[in-house]
Amino acid sequence: MERNPIRRQLAIMRQSLFDQGHVDEQFVQLEELQDDANPNFVEEVVTLYYRDSARIILNIEQALERKPFDFRKLDAYMHQFKGSSSSIGAKKVKAESTLFRECCKSGNGEGCMRSFQQLKKEYATLRKKFGAYFQLARQAGPVETASRPK
Amino acid sequence: MGNMATQTRFHVLAVDDSLIDRKLIERLLKTSSYQVTAVDSGSKALEFLGLNGENEDEERNSSVESVSAADEDHQVGVNLIITDYCMPGMTGYDLLRKIKQSSSFKDIPVVIMSSENIPSRINRCLEDGAEEFFLKPVKLSDVNKLRPHLMKGITTKNEMQSNTNKRKGSEEIQSPDRTRPRYNELEVV
């Protein structure tokens with residue numbers, strides 16, 4: 001149990017990300033790639049994700065404004081988006097991406113729109129949670145890794 | 001052989017059109033102490049290797065190819081290629097085929113990554129020469145599987161070196177397979 005109150009709060013926030021299903025095991029993989037030489041790796045990847053995926057979200061939004069829907073294109077965009085989301089361990093976002101793709105495959109336009117709305121909500125929620133988490137992490141300062149084997 | 005492994009770091013060429021996945025694979029590989037070059041397409045990968053992909057006819061360019069193949073110092077020095085399957089333009093599979101068709105680079109181990117678990121796709125890649133097929137997201141445990149393929153490359157290089165030396169020494173070196181048919185022909189006569 002963390003003695004430092006900030007670290008304790010950080011640990012609680014981190015646990016809640018998992019408990020609420022926002023992130024999965026892949027997030028742990030990212031954490032394991034963080035070390036003294038790359039102390040902000042997780043935040044860097046997540047930041048890069050939000051920057052990169054904003055482009056895809058915009059593409060999908062624009063594609064959904066063109067009727068009839070080009071399901072093949074929509075599916076291709078979502079394939080990309082799902083891949084990135086999966087790589088950072090964004091569990092709920094990834095799940096919603098899968099649903100969207102299923103709607104594309106069955107030509108379900110209504111389903112696509114609903115799923116996309118839900119996806120954007122999850123995406124925004126997670127961004128807020130990550131924002132708070134990394135801000136606190138920066139306050140907490142670098143973890144002492146003297147005891148960690150290299 | 002031991003010297004080579006400790007003095008020179010293995011150089012991995014990573015190919016992926018996704019910015020996130022490039023960052024990830026780069027970190028995974030660097031964590032394992034590999035030198036990494038990451039590119040965003042199959043054509044950039046071929047460009048990096050010095051294969052511009054248009055020269056399918058190896059014969060026509062044999063003078064150029066044989067110089068780069070024989071002179072190891074001038075080769076770009078890639079020990080393994082790890083590539084995403086789904087990429088616009090040239091897929092990872094197309095890249096695999098081009099590598100395996102190249103006389104200079106066919107012995108470089110190629111590993112394919114994909115977010116989709118499609119058995120027919122996996123089998124096709126493995127049958128056409130891929131050493132491994134990793135499902136994305138790629139983990140550290142996957143990257144740990146690369147080492148034996150890289151170590152094999154050192155042995156092959158050493159063997160190739162000694163074969164080259166033998167060839168220089170004598171014209172008569174034939175593989176055992178070549179001598180067998182000749183023997184059979186004699187018997188028939």
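1. One link between the two chains makes a good starting point: in this predicted model, the side chains of R101(A) and E116(B) meet in a salt bridge, with N and O 3.7 Å apart. This bridge does not stand alone, for R101(A) and E116(B) belong to a network of salt bridges that also takes in D75(A), K105(A) and R121(B). Across the interface of chain A and chain B, the rule finds 3 salt bridges.

2. Polar contacts add to the picture of the interface. Between chain A and chain B there are 5 residue pairs in polar contact, with both residues at pLDDT 80 or more. On the side of chain A that touches chain B, three helices each supply at least two residues: α2 (25–32), α3 (41–63) and α4 (71–87). The largest share comes from α3(A), with 6 residues. By type, the residues on this side of chain A divide into 7 nonpolar, 8 polar and 4 charged.

3. How many residues of each chain take part in the contact? On chain A there are 19, and they are in contact with 16 residues of chain B. Together the two chains bury about 1500 Å², and 64% of that area is on carbon and sulfur atoms. Within chain A, the residues that lose the most area to chain B are L33(A), L48(A) and H79(A), which together account for 32% of what that side buries.

4. Next, a helix of chain A. Helix α6(A) covers residues 109–140, which makes 32 residues. From its first C-alpha to its last it reaches 46 Å, close to the 46 Å expected at 1.5 Å a residue. At the start of α6(A), a side-chain oxygen of N108(A) comes to within 3.4 Å of the backbone nitrogen of E110(A). After the helix comes G141(A), which has a positive phi, near 85 degrees.

5. Over all chains, the structure holds 19 salt bridges. One of them joins K136(B) to D84(B), where the closest N and O atoms are 3.2 Å apart. K136(B) sits in the loop between β5 (132–135) and α7 (140–143) of chain B, while D84(B) is in strand β3 (residues 80–84), so the pair ties together parts that are 52 residues apart in sequence. Are these two residues buried or exposed? Both K136(B) and D84(B) are buried.

6. A further salt bridge in chain B pairs K152(B) with E131(B), with 3.6 Å between the closest N and O atoms. This pair also links distant parts of the chain: K152(B) is in helix α8 (residues 147–169), E131(B) is in the loop between α6 (119–127) and β5, and the two are 21 residues apart. K152(B) has a relative accessible area of 44% and is partly exposed. E131(B) counts as partly exposed as well, at 28% relative accessibility.

7. The last pair to mention is D142(B) and K145(B), a salt bridge whose closest N and O atoms are 3.7 Å apart. What is the relative accessible area of D142(B)? The value is 10%, and because buried means under 20%, D142(B) is buried. Its partner K145(B) is partly exposed, at 39% relative accessibility.

Notes
Residues are numbered from 1 along each chain as its sequence is written. Chains are lettered from A and ligands numbered from 1 in the order in which they are written. This is a predicted model: local features need pLDDT of at least 70, side-chain atom pairs count only at pLDDT 80 or more; totals for chains, interfaces and linings use all residues. Side-chain values use heavy atoms; hydrogens and water are left out. Contact means heavy atoms within 4.5 Å. Buried area is the accessible area (1.4 Å probe) that two parts lose on being put together, summed over both. A salt bridge is a side-chain nitrogen of Lys or Arg within 4 Å of a carboxyl oxygen of Asp or Glu. A polar contact is a pair of N or O atoms within 3.5 Å; within protein, one must be able to donate a hydrogen and the other to accept it, and residues adjacent in sequence count only if both atoms are side-chain atoms. Helices (H or I, at least four residues) and strands (E, at least two) are DSSP runs, numbered from the N terminus. Ala, Val, Leu, Ile, Met, Phe, Trp, Tyr, Cys and Pro count as nonpolar, Asp, Glu, Lys and Arg as charged, and the others, Gly among them, as polar. The expected span of a helix is 1.5 Å times one less than its number of residues. Buried means under 20% relative accessible area, exposed over 50%, partly exposed in between (1.4 Å probe, protein chains only).
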